[in-house]
Amino acid sequence: MILASLLASSKYIIVNKDLIQILGLNEAVILGELCSEYSYWANTQQLEDNEYFYSTRENIQKNTGINAHFQRIAMKNLEEKGIITTKKKGIPCKTYYKIDKSCLNNRKYSDYLKFINKNKDINVVEMDSVEGIKGGKVLLTLHFVNCSFMLAFIRDHNDAQSVIDIFNMIEVKLGTKIFKKLFPVILTDNGSEFSNPCEIEFNMNSGELRTKIFYCEPRRPDQKGSCEVNHEMIRRILPKGKSFDNLTQDDINKIMSHINSYKRKKLNNCSPLQLFNLLYGNDIATKFGIVEIKPNKINLSSNLIKKNQ
C-alpha cells in the first residue's frame, strides 16, 4: 500500500530533482501521472490482477502535455529500468500498466532502524489516523516522541490528499526552516492515506526535501507505540464508534490542549506542552491553537466536547 499515489495528486504532479536526474524529465513526469492513475484505480478497488491498471496515451497526453512519440520513448526507458511493466489485452486491444514497488525502497522499518542508528539524536514524529465512524471525518495525529506532544488535525476524508494538504499547510504556516526542524523523520504505518510519501517529503513548489518517511512493518503497531498513550486519551474524549462529523478544528485544538497539558510521570511530572515549548519555543504550539490548561481545569472525559454527546 505504501506505493499508492507516488508523486501523485488530483491537482498537480510533483517531480523532484532526484527523479529527474535518475530517470529524465519526461520519464519522471509520466511516472508521476501513472502513479496518480494507480491511486485512482486502487481507491475505487478496480485494479486488475497483480495490480495492473488501464490507461491510454490520449489520457496521459491530456494530463502531462507529453505527446505519443515522447511517451513511447519514456515508457520504453521506464520498462528497461524495471520501474513499470506493461501488457496488452482485450478487443480492441488496451494497454495495462503496473508500477514496480521497488521504486519505494529505503523506506522500510529496517531502513528506519539503520537511519536512526546513524542519527541517534534526531527527533522522530509518529504519524497515525484516529477514525470516527467509517467513511466520516477522521483525525491525523502527529506525535513528537521526544516530548510526548501531539498535534491533531480533522480531515473530511481518510485519503492521501488530505494528509498532503495538512503538511503543505504546516510548512506555509511555519516556514520551511522550522518545518524541517520539527519533522526531520516521520514514522508511520502502511495505511492508504500515507501511501504518497514523495508529496509529503518534498516541497510542492521547489521540490526541496523537507522530511523523510519510513513505514512500520504490516500489523506491527508496536513499532510506533509511543503515540498510543495520547490516542487512549483521545478515546476517553471521543469514544470509538462516535462520529467526528460535527467536530471542527477548534474542537480538536481544545481536546489536544487538555491532553498536552496533562502532566506525566515519565516526563518528570512535566506536561508534553511544557517540554515542547522548551524545545521549540512558546509560539509554535500557539499557532496551532494549543494552549496550556491549568491542572485543576483539565478534562479528559467525553463531556469536554458537548456536541459529541
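Me: Where is N269 found, and what makes its phi notable?

Reply: N269 lies in the loop between α10 (249-261) and α11 (272-280); helices here are DSSP runs of H or I with at least four residues, strands are runs of E with at least two, and both are numbered from the N terminus. The phi of N269 is positive, about 60 degrees, although N269 is not a glycine. Most residues other than glycine have a negative phi. The model is predicted, so local features need pLDDT of at least 70 and side-chain atom pairs count only at pLDDT 80 or more, while totals for chains, interfaces and linings use all residues. Residues are numbered from 1 along each chain as its sequence is written, and side-chain values use heavy atoms, with hydrogens and water left out.

Me: Why is S148 called buried?

Reply: Buried means under 20% relative accessible area, exposed over 50%, and partly exposed in between (1.4 Å probe, protein chains only). S148 has a relative accessible area of 4%, and is therefore buried. S148 sits in the loop between β5 (138-144) and β6 (149-155), and has a positive phi of about 65 degrees without being a glycine.

Me: How do you know that C147 is in no disulfide?

Reply: A disulfide is a pair of cysteine sulfur atoms within 2.5 Å. The structure holds zero disulfides. For C147, the nearest cysteine sulfur, that of C270, is 11 Å away. C147 is also buried, because its relative accessibility is 0%.

Me: What makes the bond between I91 and P92 a point of interest?

Reply: The peptide bond joining I91 and P92 is cis, with omega about -5 degrees. Most peptide bonds are trans. P92 is in the loop between β2 (84-89) and β3 (94-99).
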